[in-house]
Amino acid sequence: MNDYESYVKLAKKGDKQAFATLYSLVYEDMYHYALAVLRTREDAQDAVSMTVIEAYRSINRLRSADKFRGWIFTILKNVTRRIMKKYYNAPVSMEQELYTMEDASQSMEVSDERMMLLDALRTLDDDERQIIAMHVFAGYNSNEIGQEMGMNPATVRSKGSRALAKIKERYHE
Amino acid sequence: MNEEYEALQKIRAEISKEEVPEALRPENVENMLVGVTPKKKWYRRWQTYTLAAAAAVAIISVPTFMWLNKPGNNINQTAQQKDVDNAFDGVLYAASDYDEVRDAIKEVKQAQAPSVLDYFDGFVTRNYVDGDMKVYEEEAATDGATVGATNEAASEDSNAATGDYSATNLREVGIDEGDIVKTDGDYIYSFNNECEARIVKADGSKLELKAVINDDFDSTDAKINDMYIVGDKMVLVADCFDLDYDNERSDERDYYVINADMTKVAVFDISDRKDPERIALADVEGNYDTSRIADGYFYLFTWYGGDDIPRVYDEYPEASDILLARKMDSYTTFTMTSISLGDGKEVGEVIDDKVIYMDSSDVYVASDGIYIQGLDYSNSRNYTNILKFAYNKGHFSPKGIGSVPGNLESSFSIDEASDGTLRVATTVWGSDDWVSGVYTFDEEMNSLGSLSGLARGEDIKAARYIDDMLYLVTYENTDPVFSIDLSDAKEPKLIGELKIPGFSDYLHPWDDTHLLGIGYETDPDTSAVKGVKLTMFDISDPENVKEEKTTVITFFEDSQYDSVSREVPGLTNYKAMLIDPGKNLVGFAVNAYATNYTDYYTYDDAESTDVSEEEVIDDYPMENDSAQKNAYYVFSYSKDKGFEMRLEQDVASDSYANNMRGLYISDTFYVVDGDSVKAYDMKGETYSESGKLE
């Protein structure tokens, strides 16, 4: 993984291919993270592409190559938070948004299992969803999540298990 | 635990089945980045050894053996252990030596992983450092930890403080708290995200930048979190990330070995406002939680999740200052450190410290004690344990432990009465029964009385204790304001209940007979937030609380937008509120945003090659069909006219108003927003801008 370093160096010089190589290591997790915290595929896609632009633009702020993953996830987290701002009081329920016309047009098969899961995820509050998504897709532990979210790790842990309990409850309904 | 782990795996597995859109694939990155170029190199001042740093080194060599100064170590140590045992009922005990602590940590680690969230094996391949990974070279900085004065030849006019200026909105009168903006009546002090603190002379409309402090805290990466002004001293608290180097390769300094999260407290002598000088730099291993200044001493609260004992100034605290739980289920620690700010001792000297192995959720500091709240999830119903320490000139002494069912939902849920009685309001969270209660304790944390079964199905939104009365707001669809009489601590009594729509998130005493509530107006049917609501309650008869006047600010016509959000950052951070009944003003920032779903974010890269290097990330312009109002508001109140808007000041940059603060010095109001300061003449119906500094 030490190759990271040379790719970061090239990216800093403006090599977009090198940046793409770094991105290729994390983009799936990034998209799925965004999908887990946001409401629609469209928003998740927006979030990732905004993050890509922002990350590339400020690549010189990345000081150690091995931090690429955590660094780009931090940007992504900020971008998703910004998008979440516009969700307050939205009259449309989230499940509706996620699986409507879009699915029909893409003729995408969405399993019942995944429906249920996403549905359950969306009963969580923003913090809880962020915590779960950050752990599952960014690979953060509770201390790191605490740092990212400005929370005590103990709070992260308790919110995390509260969130999982809620999901479980929803699942067994 | 296993079940939780499986749930997490399932979430990952299922969501990962979602195909990533074509446009986001790595091969399309170049399309995404058309016209985008990396910004200029980020300059950060790298550690150099200036005089200030040398002074800090000198302080490090003074260890913190608080109890070594006393005669008879062994006897003292057992006495100390006894004190802990007596006060904390054996729930916590003082360690005998470091091995005991490390064994306890090991046991916890072996018995169970502290949380399912700490498993990540199998989920994500993390790119751990191989030990040989080079740290990127920083752009060479010319002058390290510089404290730069602006080069204006302004003479120092010594305007004695009149006392007619605002202070940070505190949780407890007389116990100072840090914030991003401070004033002492002559100067405005602030710091920004770029680790810069500023001193601005404020003389009415005349604003003059005196100094910019750009200190690196002798750290690889530092972020200032809090600031205090105590006379001629400025205290900055920073969360730092320190890289350490492998000594054997000291000729190649950029070999990275370990890293550590540190909280650092820098004290500056600002007697010459144009030329501040760092006189102390204390460091404690772990992340910053909060801090206070009381009796002239600095009290620092940090938490640490590493698997060894957190160090203070690079030294382990005395074993007897480490408190272990009899039933350890986590090795996260809560550390309290007291630091001298003078008072006959060297500034920066550590007076006392306590490392407590307990998950803490919040800390409340009153004049009689420090109350550390820790959630206990080990039972089916969760409890909150409250540890009390007395403190005196920096020394901590254990007082007692109490336990209440449920959670403290707000920082204002807990209160120490003038006679030392502690009152706590909680909500017990259950799947379909939420219920609130009030509990009282004596000075030793022995239970005195309780009132339970309040507001079934609702949770506490706001609480405020005024002498022996507790006003409690709970919320489901309407907003009951409960009046609870605590004059007999053994028997708290519910004496009044007022039901109104919407709810208050924050309550603040206005005068002897009035209580100000700030919150949101909601639709009783849908619970949708319809506006920011200011309410003046008449509490002259606590049994019969009345709504005297209410104003709702909507910002937008809801009907014109698909989605509207309105948020008052001060409702989750009371320090962002300015409430001054004497001056008759209520000031706070609002983030309001309205959009239609056709909107989307676009990236404007027109100037991307020529943007300032310190530009913040929040700079995406919105499409037209949305509106936002991120602004600072000031209101005044009169019984006849209700709330009247005096000032509406938009945020300086295209971002949220979270970091805006308002303050006044005699007849001038100031709005501080990052590095920008605006002055307003407070005379007249509405404030008029009279000066600015950007």
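Author: Before we start, two residues are in contact here when they have heavy atoms within 4.5 Å. Keep in mind too that this is a predicted model.

Reader: Fine. What are the ipTM and pTM of the model?

Author: There are two scores to quote for the model as a whole. The ipTM is 0.85 and the pTM is 0.68.

Reader: And chain A: which of its elements has the highest mean pLDDT?

Author: Chain A averages a pLDDT of 76, and 79% of its residues score at least 70. At the bottom of its elements sits helix 7 (residues 101–106) of chain A, with a mean of 40. At the other end, with a mean of 91, is helix 3 of chain A.

Reader: Where in chain A is the pLDDT below 50?

Author: The average for chain A is a pLDDT of 76. One stretch below 50 covers residues 91–97 of chain A, which has 13 contacts in the model beyond near neighbours in sequence. Another, with 16 such contacts, covers residues 99–108 of chain A.

Reader: Back to helix 3, then. Is helix 3 of chain A parallel, antiparallel, perpendicular or oblique to helix 4 of chain A?

Author: Helix 3 (residues 27–37) of chain A and helix 4 (residues 41–57) of chain A have axes that come within 8 Å and cross at roughly 135 degrees. Roughly antiparallel would take an angle over 145, and roughly perpendicular runs from 65 to 115. So the angle leaves helix 3 of chain A, relative to helix 4 of chain A, oblique.

Reader: How many nonpolar residues does the contact of helix 3 of chain A with helix 4 of chain A have?

Author: Helix 3 of chain A brings Met30(A), Tyr31(A), Ala34(A) and Leu35(A), while helix 4 of chain A brings Arg41(A), Ala44(A), Gln45(A), Ala47(A), Val48(A) and Thr51(A). Sorted by class, there are 2 polar residues and 1 charged residue, and the nonpolar count is 7.

Reader: Is the crossing of helix 3 of chain A with helix 4 of chain A left-handed or right-handed?

Author: Handedness is a separate matter from the crossing angle of roughly 135 degrees. As helix 3 of chain A passes helix 4 of chain A, the crossing is right-handed.

Reader: What about helix 9: is helix 3 of chain A roughly parallel or roughly antiparallel to helix 9 of chain A?

Author: The axes of helix 3 of chain A and helix 9 (residues 126–138) of chain A lie 9 Å apart, at an angle of about 160 degrees. The cut-off for roughly antiparallel is over 145. Therefore helix 3 of chain A, set against helix 9 of chain A, is roughly antiparallel.

Reader: How many charged residues does the contact of helix 3 of chain A with helix 9 of chain A have?

Author: Helix 3 of chain A passes helix 9 of chain A in a right-handed crossing. Asp29(A), His32(A), Tyr33(A), Ala36(A) and Val37(A) of helix 3 of chain A meet Arg129(A), Gln130(A), Ala133(A), Met134(A) and Phe137(A) of helix 9 of chain A. By class, that contact has 6 nonpolar and 2 polar residues, and the charged count is 2.

Reader: On to chain B. Which are the edge strands of the open sheet 20-21-22-23 of chain B?

Author: The sheet has 4 strands in that order, with antiparallel pairing. Each edge strand pairs on one side only, and the two are strand 20 (414–416) and strand 23 (447–454) of chain B.

Reader: In strand 23 of chain B, which residue stands opposite Thr440(B)?

Author: Strand 22 (residues 435–441) of chain B runs antiparallel to strand 23 of chain B, with 5 bridges joining them. Opposite Thr440(B) in strand 23 of chain B stands Gly449(B).

Reader: There's another open sheet, 28-29-30-31 of chain B. By how many degrees are its neighbouring strands turned against each other on average?

Author: This one also has 4 strands, paired antiparallel. Its edges are strand 28 (503–511) and strand 31 (546–553) of chain B. Direction ignored, the average turn between neighbours is 20 degrees.

Reader: In strand 31 of chain B, what is the bridge partner of Met536(B)?

Author: Strand 30 (residues 529–538) of chain B pairs with strand 31 of chain B in the antiparallel sense, over 7 bridges. Across from Met536(B), the partner is Lys549(B).

Reader: How many residues are in the hairpin connection from strand 35 of chain B to strand 36 of chain B?

Author: Strand 35 (residues 626–638) of chain B and strand 36 (residues 642–650) of chain B run antiparallel and share 8 bridges. Ser638(B) stands opposite Gly642(B) in strand 36 of chain B. The number of residues through which the hairpin joins these strands is 3.

Methods: Residues are numbered from 1 along each chain as its sequence is written. Chains are lettered from A and ligands numbered from 1 in the order in which they are written. This is a predicted model: local features need pLDDT of at least 70, side-chain atom pairs count only at pLDDT 80 or more; totals for chains, interfaces and linings use all residues. Side-chain values use heavy atoms; hydrogens and water are left out. Axes are lines fitted to C-alpha atoms, for helices over the stretch in contact, and angles run from 0 to 180 degrees between N-to-C directions. Angles under 35 degrees count as roughly parallel, over 145 as roughly antiparallel, 65 to 115 as roughly perpendicular and the rest as oblique. A crossing is left-handed if the near helix is turned anticlockwise from the far one by less than a right angle, and right-handed if clockwise. Ala, Val, Leu, Ile, Met, Phe, Trp, Tyr, Cys and Pro count as nonpolar, Asp, Glu, Lys and Arg as charged, and the others, Gly among them, as polar. Two strands pair if DSSP finds at least two bridges between them. pLDDT is the predictor's confidence in each residue, from 0 to 100.
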